[in-house]
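Colleague: I am new to reading protein models and would love a close look at one part of this one. Could you pick a single helix and walk me through its surroundings?

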Amino acid sequence: MPDTPPQPSVLFVCVHNAGRSQIAAAFLTHLAGDRVHVRSAGSAPADTVDPAVVDALAEVGIDISAEEPKVLSVDAVQASDVVITMGCGDTCPVFPGKRYLDWQLPDPAGRGVAAVRPIRDEIEQRVRALIDDIAPAARA
């Protein structure tokens, strides 16, 4: 049996965990499958995922209607190899040995599906590049 590389773990963080981080987590899960452990969280989570985000992902065949925003925990950061922040500023705890990326993206909160589509598409491209970087065999 060949050696399997360790499964990388990625945490996506935005303020409300209702838009950008949910989109990124959904794409990474969809595109990389079980080759990458995916988490998402928010520094001040909303009550629900933004409906326009749910609809925009449904348009590309990804169902996140059952997802709920989660609160950012120190444990989630410690358990992740890569932490990607999206507009949460300095609220994300920083630990040595972790790789941190900050994706500057517009917040889809309160926008319609038409305004969410370009954000969704930009996040998909960034996630595909991330997969090529951390788990290249995960992409078909």
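Modeller: Happy to; here is a tour of helix α1 and the parts around it.

Please keep in mind that this is a predicted model. The mean pLDDT of the protein is 90, and 89% of its residues reach 70 or more.

Let's start with the helix itself. Helix α1 covers residues 20-32, which makes 13 residues. From its first C-alpha to its last it reaches 18 Å, close to the 18 Å expected at 1.5 Å a residue. Right after α1 comes Gly33, and its phi is positive, near 60 degrees.

Now, how many residues of α1 are buried? The count is 11 of 13, so a residue here has under 20% relative accessible area in most positions of the helix. Among them are Ile23, Phe27, Leu28 and Leu31, along with Arg20, Ser21 and Gln22.

What do these buried residues pack against? Their partners are β1 (9-14), β2 (37-42), α2 and α4 (113-134). Two of those partners are strands, and α1 lies across both β1 and β2, running at about 160 degrees to β1.

It helps to look at the sheet those strands belong to. Four strands form an open sheet with parallel pairing, in the order β2-β1-β3-β4. β2 and β4 (99-102) are the edge strands, each pairing on one side only. On average, neighbouring strands of this sheet are turned by 20 degrees against each other, direction ignored. Four bridges join β1 to the parallel strand β3 (residues 82-85), and Phe12 stands opposite Ile84 in β3. Helix α4 also meets this sheet: α4 lies across β1, β3 and β4, at about 150 degrees to β1.

Finally, let's zoom in on one residue of our helix, Leu28. Not counting residues up to four places away in sequence, Leu28 touches Val10, Phe12, Gly33, Val36, Val38, Val127, Leu130 and Ile131. The glycine that follows α1 is therefore one of the contacts of Leu28, with heavy atoms within 4.5 Å.

Nonpolar side chains tend to be buried together in soluble globular proteins. Here, the largest nonpolar core has 34 residues, and Leu28 is one of the four that touch the most other members, with Val10, Phe12 and Val127. At least two residues of this core come from each of β1, α1, α2, β3 and α4. Another core, of seven residues, lies apart from it and includes Val13, Leu72, Ala76 and Val83.

Definitions and conventions: Residues numbered from 1 in each chain as written. Predicted model: local features only at pLDDT ≥ 70, side-chain atom pairs only at ≥ 80, totals over all residues. Heavy atoms only, no water. pLDDT = per-residue confidence, 0-100. Expected span 1.5 Å × (residues − 1). Buried < 20%, exposed > 50% of the residue type's maximum accessible area, 1.4 Å probe, protein only. Pairing = 2+ DSSP bridges. Axes fitted to C-alpha atoms, helices over the stretch in contact; angles between N-to-C directions. Core = buried A, V, L, I, M, F, W, Y, C linked by side-chain atoms within 4.5 Å.
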